[in-house]
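Welcome! Let us take a friendly walk through this structure, looking at how some of its helices pack and at the space enclosed inside.

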Amino acid sequence: MSAKTSVWLAFLCALGCLIHDADLRSVQQKASQCGYQSCHATKPNMLNVHLVAHTHDDVGWLKTVDQYYYGSETRIQKAGVQYIIDSVVEALLRDPEKRFIYVESAFFFKWWKEQTTKVQDAVKMLVEQGRLEFIGGAWSMNDEATTHYQSVIDQFSWGLRLLNDTFGECGRPRVGWQIDPFGHSREMASMFAQMGFDGMFFGRLDYQDKDERLMTKNAEMIWHGSANLGEESDLFSGALYNNYQAPDGFCFDILCSDAPIIDGKHSPDNNVKERVDTFLEYVTKMSTQFRTPNVILTMGEDFHYQNADMWYKNLDKLIKYANERQANGSNINLLYSTPSCYLKSLHDAGITWPTKSDDFFPYASDPHAYWTGYFTSRPTLKRYERDGNHFLQVCKQLSALAPNKSGEFGPHLTFMRETLGIMQHHDAITGTEKEKVALDYAKRMSVAFRACGATTRNVLNQLTVKSKENVKDKMAKYVFDFKTCPLLNITACPVSEVNDRFALTLYNPLGHTVNEYVRIPVPDPSYKIIDNKGVTLETQAVPIPQALIDIKHRNSTAKYELVFLATNIPPLGYRTYYIERQESTESSKMPKALPKRTSSVFQIGNSHIKLGFDTNGFLYDVTADGLTRLVSQEFLFYEGAVGNNAEFLNRSSGAYIFRPNENKIHFATDQVEIEVYKGDLVHEVHQKFNDWISQVVRVYNKNSFAEFEWLVGPIPIDDGIGKEVITRFNSDIESEGIFRTDSNGREMIKRKLNHRDTWSVRINEEVAGNYYPITTKIDLEDDTARMAILTDRAQGGSSLKDGSLELMVHRRLLKDDAFGVGEALNETEFGDGLIARGKHHLFFGKSTDREGVSLKGIERLTQLEKLLPPWKFFSNMEAYSADEWQTSFTNSFTGISLVLPKPVHLLTLEPWHENQLLVRFEHIMENGEDASYSQPVQFNVKNVLSAFDIEGIRETTLDGNAWLDESRRLQFVPDPEQAAFNTYATFSQPAKSVHLLSAEKPLLGVKYAEEALPAGQLGAQSNRIKREMDSDQVNQAEGRSSKSTEGAYNSFKADSGNQEYIIELSPMEIRTFIVYLAVA
Ligand SMILES: [Zn+2]
């Protein structure tokens, strides 16, 4: 036994013995009294100083998640989370007065699982008495700029669920704690509100904004989280005074060097008077900038409390000596508190608060440090995360739909949930971690893919192989592989390259039937594709661009992509295609290339949209909706600023910071090499801009938008200059400095060049200071035309000139920006600079008066289909002929029985507790985006989920862990005279939409017919939906499997018996349900 281990054991014993006594004593003394009632009392007529003992534990940054947890690699950072929780628990058990908050569930539950029952019981007691309080509670403290709302909701649901399962009501966080993320999104506020949080505190906002808010006592406010949802999305939000650090000189951690409080009566070092004086001066000054006689002080920092006693001992003394002065007339009162106790004090002050309707982007910490680089940093990790979310949803659904559940499904799914939870961390998806840590995240993701891949293979085999009668290899565990090809983004896939006969199964995770243009990497242009009914489909082979084939580490024999249109892929279901190589005799299948470097202009496209190119190979104009407007597209790069970071002006561009050197920008080229391919399914222009930037521009023959698939890297640095590469779309749209960007993939927020809604901004970095996070979409318009671009991952973007939209796709830099990561953002792979590939989708057309669905409506629907397209599973088919395949297996399946109305997204379907599903429905349109789709919709949940034997259903808060009808939030009152901050009316109070089943009414037992409805409106609405469903049902019937039972497709009209399952969604509304299944 090593010395290390024995020390560890001794420590455990000490903890165990201590718990034994404290446990019995305290449990006997107090019953459960968590929540606001466990707060220490404040004193009236005094300034109450809420001391919050906390630690900020990054779920990976300079070290990996495990290195932080176990405390290894101390040379990088002395940080070990296991010691923190050990030490804090011990200190809390010794003294019931003390408080501590813990935030990151990823770490807490790793620790929890290692504890004995005795320790667990003691911790439960601490939680029940409010001495240990969970705040935030998600798997990680997620970033707010680059995360997608689906992933944020998922990682909160999982963290809060484990807290709920373990501690019940007392484990439920009341307050959000986003102290370190680099700017704050409005959608995050909305989600917190919908999850039932009473408020949220954060650390980072623009330094000018912060100064002004403190000066005008506006640092604490009511944030309107949504322009569509009204008051239910309002969240009380407070900016912390000193980020999340302790006041200067009062950092008592083992990682700090401030003097302890020395109170030896005769000690020559006694510093009590000086220390208390300084502290009281600090809080007195601070209190002048806040509205109530309460201030909150964050007593802790990154990985503090590894030795909790150092902090607590000094806090004890600070409290004691400061409060002793009350006897001599001091009116300052220090107390151990928590963010929720502080919030309760603000609430109980009974005053009114300012409001806010925009967001806290971009974040600048000084005149030359705009934290807008991380919007793009590590572009491939950002995309990998999005793939991960996509496959997580597939894995959840198939786990729920499996006819026979296997014991390993749960652990696989949990592993992937937790991995995606870690990925949302503000130093993971942001790209602000060290390179080695980024690789660790990617490795975790690949393991999670493998785990869930085992589940999906199992379930798809169950659904496909109903009988073993015609199976040739009866000994095989699985008949088919259902493999995922992770390198499809560089058109590589072993199954389709090696096999002459293979199957492609397209699994559609949406609640709608979809059509999808599919691309498969193949070595040869001649293949035959038949669908599940034996129909031979039209194909087109397109050569893979040379730039892609030239990628050194691309190990693939594929020279072509086989394109076909897969139609009517059933909702929450699949359709399988049999693909067979043909003799290459049909010359007609050979792709036709137009000569390179055409000297004349040319066009690609279809009847919906046409793209014109000029003689230099650049996009020149776009024709759509009867409009032809100048639209060009080009690649450019900024030079990354380089400095020693010693003063603001010498700031380098880096992983966090975007700072172009004197805003210098360079064109990638003035002439593009091109090849043009026009077939019946797709037109493509292959563009080569230079040795490291190329692109495919394509229009599929039925789409009304164009696809730009860019390939950038390795970014050259031989010239000693870091480069930040953008794609820019220029148009003649007169946007007058106005553009809009999405908030975490949901609502759009209006932006104006060189402007902030709530203060008069002084921007010292004209480019970087106008960059915003683009999670999915950026757009602009004038009275006649609009242009929108969808992204496939988070990127930074802006509109620096009227009519122009730019997106940063990739960056490679040579200097650190001095915000802690300690490395230049210089990503390499296989010894070269990182290559990134991705897609932009360009929408162009009339901004108003359009026939049919509005362009905004089409953009929303496409946004969803691009987020969660059918997942591609490949299987070897060498053993089966097409006929055998068609007659022996179930090659089409759907898991739901009623296609959802178009604007409704089945956001979540996953196994939850035993015999329960967690289900979310979301209205994906905003008010006014489309005349017909932006209306409230109704449908019957039971019909949608009739594949399941439903016993009951109950609505929860957004996170799925509290009953909505029991959820109560603290109410805060806005200032009576609202300051007219909102010059662009981004927030307008919507007319309260009609809620059939509001929070006050649990879903079950409500009689739809008894609700008094405004005549006409809703009735007409439901007719419209019903008609749509009927037509969809017809389309979809062929995809139906034996699993859907007894005329489910016709049951819509027979709804009368199930009216309690009819729900309504208004624009942007998400409703979450626990569905109880009958025990089989
Ligand atoms: Zn952090």
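Before we compare helices, one definition helps: a helix axis is a line fitted to C-alpha atoms over the stretch in contact, and the angle between two axes runs from 0 to 180 degrees between N-to-C directions. Please keep in mind that this is a predicted model.

With that in hand, start at helix 3 (residues 81–94) and helix 4 (residues 105–113), which pack at an angle of about 70° with their axes 10 Å apart. Angles of 65 to 115 degrees count as roughly perpendicular, and helix 3 and helix 4 are therefore roughly perpendicular to each other. Here Val 81, Gln 82, Ile 85, Asp 86 and Val 89 of helix 3 touch Phe 107, Phe 108 and Trp 111 of helix 4. Sorted by class, this contact has 6 nonpolar residues, 1 polar and 1 charged.

Helix 4 also packs against helix 5 (residues 117–128), at an angle of about 135° and with the axes 9 Å apart. The two are therefore oblique to each other. On the helix 4 side, the contact uses Phe 108, Trp 111 and Trp 112, and these meet Val 119, Gln 120, Val 123 and Lys 124 of helix 5. This contact holds 5 nonpolar residues, along with 1 polar and 1 charged.

Next comes a pair made of helix 6 (residues 149–167) and helix 13 (residues 409–423), whose axes lie 9 Å apart at an angle of about 115°. These two helices are therefore roughly perpendicular to each other, and helix 6 passes helix 13 in a left-handed crossing. Gln 155, Trp 158 and Leu 162 of helix 6 make the contact with Thr 414, Arg 417, Glu 418 and Gly 421 of helix 13. Its residues divide into 2 nonpolar, 3 polar and 2 charged.

Here are the three pairs side by side:

| Helix pair | Angle | Axis separation |
|---|---|---|
| Helix 3 and helix 4 | about 70° | 10 Å |
| Helix 4 and helix 5 | about 135° | 9 Å |
| Helix 6 and helix 13 | about 115° | 9 Å |

Now let us turn to the enclosed space. How many cavities of 30 Å³ or more are there? The count comes to 12. The largest cavity holds about 140 Å³ of space. Its lining is made of 17 residues, and Asp 358, Phe 361, Arg 756, Asp 757 and Tyr 772 lie nearest the centre. Strand 33 (residues 748–752) gives the largest share of that lining, with 3 residues. By class, the lining of the largest cavity divides into 10 charged, 5 nonpolar and 2 polar residues.

Definitions and conventions
Residues numbered from 1 in each chain as written. Predicted model: local features only at pLDDT ≥ 70, side-chain atom pairs only at ≥ 80, totals over all residues. Heavy atoms only, no water. Helix = DSSP H or I, 4+ residues; strand = E, 2+ residues; numbered from the N terminus. Parallel < 35°, antiparallel > 145°, perpendicular 65-115°, else oblique. Left-handed = near helix turned anticlockwise from the far one by under 90°. Contact = heavy atoms within 4.5 Å. Nonpolar A, V, L, I, M, F, W, Y, C, P; charged D, E, K, R; others polar. 1 Å grid on protein atoms, 1.4 Å probe; cavity = no way out; pocket = protein on both sides within 12 Å on 5 of 7 lines; lining within 4 Å. Points joined across faces, edges and corners; volume = space filled by probe spheres on them.
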